[in-house]
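Trainee: Could you take one part of this model and walk me through it closely? I'd like the cut-offs spelled out as you go.

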Amino acid sequence: MLRLFERDINKLMTEVKSYTNETALWEITEGISNSGGNLCLHLVGNLKHFVGKTLGNIPYEREREKEFSEKNIPRQVLLKSIEETLVCVTETLNKLTDGDLNKIYPVHVFGYEMTTGYFLVHLYGHLDYHLGQINYHRRILNG
């Protein structure tokens, strides 16, 4: 599972770098409600919170509302945050054992118990869902 997270967090970095115009990261066009920059902030916040903080005890205070309200953060700041997320996720997942994956995830995110492994599959799907949206957003705005 770690390799998949590493691969797609690196793809997130590639997508952010691939916007030909840095301001396009923050643009919204008809039929799209979130910019690529905001989706990037959301993915970083989600993974740092649910993987790094909750499973890895890595200090992080999530401000979910800001993930969608902040604008015009420089590309280099986003890239640094993605790199930090990659380290956070890698360090945490490297420490997990098969036994840890079978334990109940410490937070009832959806209002019910689930194993850590189950929730990590959800988080991976969430990462890829929004990564696809960022890719689409970038291709629309890059022309």
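Mentor: Here's a look at two helices and the residues around them. Keep in mind that this is a predicted model, where local features need pLDDT of at least 70 and side-chain atom pairs count only at pLDDT 80 or more, while totals for chains, interfaces and linings use all residues. Residues are numbered from 1 along each chain as its sequence is written, and side-chain values use heavy atoms, with hydrogens and water left out.

Start with helix α2, residues 36–56 (helices are DSSP runs of H or I, at least four residues, numbered from the N terminus). A kink of about 30 degrees is centred on Lys-48; the bend is the angle between axes fitted to the seven residues ending at a residue and the seven starting there. Of the 21 residues in α2, 19 are buried (under 20% relative accessible area; exposed is over 50%, partly exposed in between, with a 1.4 Å probe and protein chains only). After α2 comes Asn-57, with a positive phi near 55 degrees.

Now hop to helix α6, residues 116–142, where His-130 sits. His-130 counts as buried because its relative accessible area is 11%. Leaving out residues up to four places away in sequence, His-130 touches Leu-39, His-42 and Leu-43 (contact means heavy atoms within 4.5 Å). The His-130 side chain also makes a polar contact of 2.5 Å with that of Gln-133; such a contact is a pair of N or O atoms within 3.5 Å, and within protein one must be able to donate a hydrogen and the other to accept it, with residues adjacent in sequence counting only if both atoms are side-chain atoms.

Tyr-118 is in α6 too, but it's partly exposed, at 48% relative accessible area.

Notes:
Helix = DSSP H or I, 4+ residues; strand = E, 2+ residues; numbered from the N terminus.
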